[in-house]
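Thanks for asking me to look this one over. I've put my notes down as numbered points, so you can keep the model open beside them and check each place as you go.

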Amino acid sequence: IDVDFEHERREEVIQHIYQKYGRHRAGLCATVIHYRPRSAIREVGKVMGLSQDVTSALADTVWGSWGKDMSAASTAQAGLDLNDPLLRRTVKLAEDMIGMPRHLSQHVGGFILTEGPLPETVPIGNAAMPDRSFIEWDKDDIDELRILKVDVLALGMLTCIRKCFDLLRAHEGRRLTLASIPHCDDTYAMLQRGDSIGTFQVESRAQMAMLPRLKPKVFYDLVIQVAIVRPGPIQGNMVHPYLRRRAGLERVEYPAPAPECGPPDELHAILNRTEGVPIFQEQAMKIAMVAAEFSLAEVDALRKAMATFRSRGTIGRLEELMVSRMVGRGYSREFAERCFNQIKGFGEYGFPESHATAFAHLAYVSAWLKCHHPAAFAAALLNSQPMGFYAPAQIVRDAREHGVTVLPADVNFSEWDNTLEPCDGRFALRLGLRQIEGLSRPLAERLCRARDRAYADLADLKTRAGCDARAVRLIAAADGLRSMGLDRRAGLWQARALRDAPELPLFGRRAEGAEP
């Protein structure tokens, strides 16, 4: 079971599970960390006595995470000679270690829940983080023993949407929920233009390029949009046929078996919602059951093979079985191979229709908020960082392009979070102190608490808020002193004169005109 929660409240959910079921019945499962090329080179290099410079130079030539190629070309690129026996032995050992287990780590959110006490079933221990228990088995062991696992996952967009709803309730008195967002044409029109920076799941460059081509008009179009830019449909060459059929450039046809092998419309019920082209994981599974007449045991083996990239051998055997059966029943080999290529793509990243529907709902809600409340959405997005594809500066630029007035971070007006301020009959986005790089949250919150009246000058700011000279310089560099009449240049100039240490008594008496 996978459940997504707000990423800022995930620890709250984890502790709730411990409190509800008890640490004697709930625990986080382990995950096995395996040696990858770079880590293998570094570890073997240490054992073999190579210097850090040599191991780093060799490790930097390895591209990617899972490859096994540590050929002479890589060592030559690093300026190393593979004829050296010590170096040759190091590379050979590193190649042998790739893929071997290195250590156990804590799963990011995979809980197991047992009916009886955990110690009767599995070894348990206390995690380094407070109030956490973990077990020493990974998800493959748990699957084999049929133990219930619940993945407590985190989504930054859920945090963003909740914060946006809070802002709209506070400033406009409007109470919104995920279920009450209306469906309207202008939101879909915005998505059709590829205007989706900051939204959920459709904000990547590939998705933004696909939106004007697919042109979603209703919710189910958005479900397909979320699922189609994935390894499965792309690897199965299903994307272009779907787009051509959707645009009316190609006739919708449903592959059919030989007349003596089955009814001609046996795939119609499976593929009619997607123009005769399989897009979702469930469709690929149903084609295996109907067109290749897979048994329940064979379908279960296919499901397991799709679920993990480690099942390379299993996938190959099932491919031969499925393609040969479909061809034997009268389907074209080209269609059968495309279907199975899609299944292999799902093995890298499966995307079932139910998953796509849930994500499409969040994609629409985020797009609606961006379309109708761009200032509140931008503020919530900035307050939920880090998340998504785009840096804060890009989010601010996009908000300006949508007509939002953006007010700078200011020592006398900004809170820690980004907020909304009335401006010319609308709400403007006031950047928060969190946008000032290097400024800590405790210091910023202390600055806000001490602001019972406006800070008059830098000395007043330093004294009342307890800011050190470094913090004042950070605020000045961010042009956050405008309300004091200081632009960035003047603020930085004056901030240079501030000192954290008190004057020595010797220099203090000189300033007063006393004899040294």
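Here are the points, moving from the whole chain to single residues.

1. First, the overall picture. This is a predicted model, so please read everything below with that in mind. The chain holds 25 helices and 9 strands. It runs to 516 residues, of which 45% count as buried. The exposed area is about 26,700 Å², with carbon and sulfur atoms supplying 53% of it. If you take the contacts between residues at least 6 apart in sequence, 67% of them join residues at least 24 apart.

2. Next, the nonpolar cores. Which residues touch the most other members of the largest nonpolar core? They are I228, L369, L447, L461 and L481, in a core of 92 residues. Helix α18 (residues 353-372) provides the largest share of this core, with 10 residues. A second, separate core has 23 residues, including A292, V299, C339 and F340.

3. L369 is a handy place to start clicking around. Leaving out residues up to four places away in sequence, L369 touches I161, C164, F165, L168, P374 and F377. Two of those names, P374 and F377, come back in the lining of the largest cavity, so keep them on screen for the next point.

4. Now the enclosed spaces. The structure has 2 cavities of 30 Å³ or more. About 80 Å³ of space lies in the largest one, and its lining is made up of I197, G198, K370, P374, F377, A378, L381, I395, D398, A399 and H402. Two elements give two or more residues to that lining: α19 (374-383) and α20 (392-401). The biggest contribution is from α19, with 4 residues. By class, the lining splits into 7 nonpolar, 2 polar and 2 charged residues.

5. The second largest cavity holds about 50 Å³ of space. G198, E203, L381, Q385, M387, G388, F389, Y390 and I395 line it. Here the split is 5 nonpolar, 3 polar and 1 charged. Compare the two lists and you will find G198, L381 and I395 in both.

6. Q385 deserves another look. Where is the cis peptide bond? A cis bond joins Q385 and P386, with omega at about 5°. P386 sits in the loop between α19 and α20, while Q385 is also among the residues lining the second largest cavity. As background, most peptide bonds are trans.

7. Two more backbone spots to check. Q201 has a positive phi, near 70°, without being a glycine. Q201 is in the loop between α8 and α9. Is Q201 buried or partly exposed? Q201 counts as partly exposed because its relative accessibility is 21%, and buried would need under 20%. The other spot is E293, also not a glycine, where phi is positive at about 50°. E293 lies in the loop between α14 (281-290) and α15 (296-307).

8. On to an open site. The second largest pocket has a volume of about 160 Å³, and R213, L214, K215, K217, H240, L243, R244, R246, A247 and L249 line it. The elements giving two or more residues to this lining are α9 (205-214) and α12 (239-246). Of the elements, α12 gives the most, with 4 residues. The classes come out as 4 nonpolar, 1 polar and 5 charged.

9. Finally, two aspartates that make a good pair to look at. D460 is in helix α22 (residues 458-465). With a relative accessible area of 18%, D460 falls under the 20% cut-off and therefore counts as buried. Beyond its neighbours within four places in sequence, D460 is in contact with A454, Y455 and A465. D186 belongs to helix α8 (residues 185-192) and is partly exposed, at 36%. Setting aside neighbours within four places, D186 is in contact with C371 and H372. D186 and C371 are 185 residues apart along the chain, yet 7.7 Å separates their C-alpha atoms.

Definitions and conventions. Residues are numbered from 1 along each chain as its sequence is written. This is a predicted model: local features need pLDDT of at least 70, side-chain atom pairs count only at pLDDT 80 or more; totals for chains, interfaces and linings use all residues. Side-chain values use heavy atoms; hydrogens and water are left out. Buried means under 20% relative accessible area, exposed over 50%, partly exposed in between (1.4 Å probe, protein chains only). Contact means heavy atoms within 4.5 Å. On a 1 Å grid over the protein atoms alone, a cavity is a set of points where a 1.4 Å probe fits but cannot get out, and a pocket is an open set with protein on both sides within 12 Å along at least five of seven lines; lining residues have an atom within 4 Å of a point. Grid points are joined across faces, edges and corners, and a volume is the space filled by probe spheres set on the points. Ala, Val, Leu, Ile, Met, Phe, Trp, Tyr, Cys and Pro count as nonpolar, Asp, Glu, Lys and Arg as charged, and the others, Gly among them, as polar. Accessible areas come from the Shrake-Rupley method with a 1.4 Å probe; for residues, only the protein chains shown count as cover. A nonpolar core is a set of buried Ala, Val, Leu, Ile, Met, Phe, Trp, Tyr and Cys residues joined through side-chain atoms within 4.5 Å.
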